[in-house]
Protein chains: 2
Amino acid sequence: MTAQRRALIETIQEATAHLDVASLLMQAREREPRINRATVYRTVELLKGLGMIDELDLMHLNGEKHYYEVKTQQDHLHLACFECGQIIEFATPAFERLKQEIAAINQFAIQVTRLEVGGLCSSCAAKKEKRLQQEPKPGPRG
Amino acid sequence: MTAQRRALIETIQEATAHLDVASLLMQAREREPRINRATVYRTVELLKGLGMIDELDLMHLNGEKHYYEVKTQQDHLHLACFECGQIIEFATPAFERLKQEIAAINQFAIQVTRLEVGGLCSSCAAKKEKRLQQEPKPGPRG
DNA sequence: CTCCAGTTGCGAATTAGTCGCAACTATGCA
DNA sequence: TGCATAGTTGCGACTAATTCGCAACTGGAG
């Protein structure tokens with residue numbers, strides 16, 4: 001257990017938002033300045049393998065980077081709004097049941113699951129609805 | 001509708017495996033040699049927006065690339081075996097119900113969903129089981 | 001046949017992630 | 001308390017995936 005790993009683990013655990021490698025590096029450097037980008041990649045890979053963190057894509061709303069969060073007892077899924085970029089987390093027993101069904105029917109030993117949903121959050125859907133009512137004819141020419 | 005787009009759409013529709021951009025480009029070039037890599041990226045982005053294809057990561061088993069497949073009526077999920085790399089597709093009404101629950105509870109207008117599961121397929125899990133029985137002491141030195 | 005909005009090819013730029021290797025350090029042990 | 005060393009790190013160059021600007025091209029409407 002090195003100072004670098006400690007700093008990275010603490011940073012992920014105490015993070016309030018989903019962190020990509022770049023922000024994880026910046027924030028971890030506030031605790032321990034001697035951290036290199038490569039170490040972040042290696043540590044994140046390690047923690048994934050140990051099942052301590054989960055990797056997310058968040059529907060690639062902001063480029064191709066990956067995000068990391070501590071793995072909790074109950075898996076949750078991520079709803080990403082294509083309009084405002086908001087990320088909503090959501091957990092439900094139905095998801096746990098689905099996982100059990102997947103494992104049972106396919107005889108598959110599940111280690112990680114990643115369920116991401118893209119669409120419009122309620123307020124963005126409402127805004128879009130309103131816009132359509134106001135301009136009923138977007139038509140062939142804008 | 002250009003020749004390039006036609007070739008790309010046909011290639012995806014008739015594909016038997018999940019295609020990444022590189023293989024999509026190669027296969028589409030057999031129909032229409034004048035296709036550029038950038039066009040593949042742009043077309044894939046277009047088709048995603050139109051809801052004609054889905055984008056997959058397949059748990060990044062083979063690097064960071066993305067895979068594409070035609071969107072079918074019923075969403076299916078992908079099981080990726082970390083050991084042998086096999087991809088299993090699976091659809092179940094439980095997934096459709098889960099999606100409805102997600103949409104209802106969060107008032108979220110779902111446009112795409114991506115459920116990927118990583119773990120061990122039945123045969124790889126069996127092999128691993130066997131290996132553990134034969135070498136009960138992997139111990140500190142391999 | 002002409003026109004032009006939209007599409008494409010090209011090649012360079014950007015971004016995310018990986019690698020090899022020498023230097024360093026946490027930890028177990030004398 | 002110091003030594004040995006397995007494992008970790010920093011560095012910087014590298015690879016792979018993707019994006020971009022712009023000039024040339026083209027499908028299809030008129």
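**Protein–DNA and chain–chain contacts in the predicted model**

A polar side-chain atom of Arg37(A) sits 3.1 Å from a base nitrogen of DNA strand C, a polar contact in the sense used here (a pair of N or O atoms within 3.5 Å; within protein, one must be able to donate a hydrogen and the other to accept it, and residues adjacent in sequence count only if both atoms are side-chain atoms). The model is predicted, so local features need pLDDT of at least 70 and side-chain atom pairs count only at pLDDT 80 or more, while totals for chains, interfaces and linings use all residues. Side-chain values rest on heavy atoms, without hydrogens and water, residues are numbered from 1 along each chain as its sequence is written, and chains are lettered from A and ligands numbered from 1 in the order in which they are written.

Staying with DNA strand C, 17 residues surround it (a heavy atom within 4 Å), and Thr2(B), Gln4(B), Arg34(B), Thr39(B) and Arg42(B) come nearest. Of the strand C atoms within 4 Å of the protein, 65% belong to sugar and phosphate. The side chain of Gln4(B) places an N or O atom 2.8 Å from a sugar or linking oxygen of strand C, and a polar backbone atom of Ile35(B) is 3.2 Å from a phosphate oxygen. Among the elements (DSSP runs numbered from the N terminus: helices, H or I, of at least four residues; strands, E, of at least two), H3(A) gives the largest share of this surface, four residues.

DNA strand D has 19 residues around it, with Thr2(A), Arg34(A), Thr39(A), Arg37(B) and Tyr41(B) the closest. Here Arg42(A) brings a polar side-chain atom to 2.8 Å from a base nitrogen. On the backbone of strand D, phosphate oxygens lie 2.8 Å from a side-chain N or O atom of Tyr41(B) and 3.4 Å from one of Lys65(B). Helices H1 (3–14) and H3 (37–49) of chain A and H3 (37–49) of chain B each give two or more residues to the surface near strand D.

Turning to the protein chains, 37 residues of chain B are in contact (heavy atoms within 4.5 Å) with 37 of chain A. The two chains bury about 3,100 Å² between them (accessible area, 1.4 Å probe, lost on being put together and summed over both), 66% of it on carbon and sulfur atoms. Two salt bridges cross the interface (a side-chain nitrogen of Lys or Arg within 4 Å of a carboxyl oxygen of Asp or Glu), one of them joining Asp57(B) and Arg114(A) at 3.6 Å, N to O. E6(B) supplies 12 residues, the largest share of the side of chain B that touches chain A.
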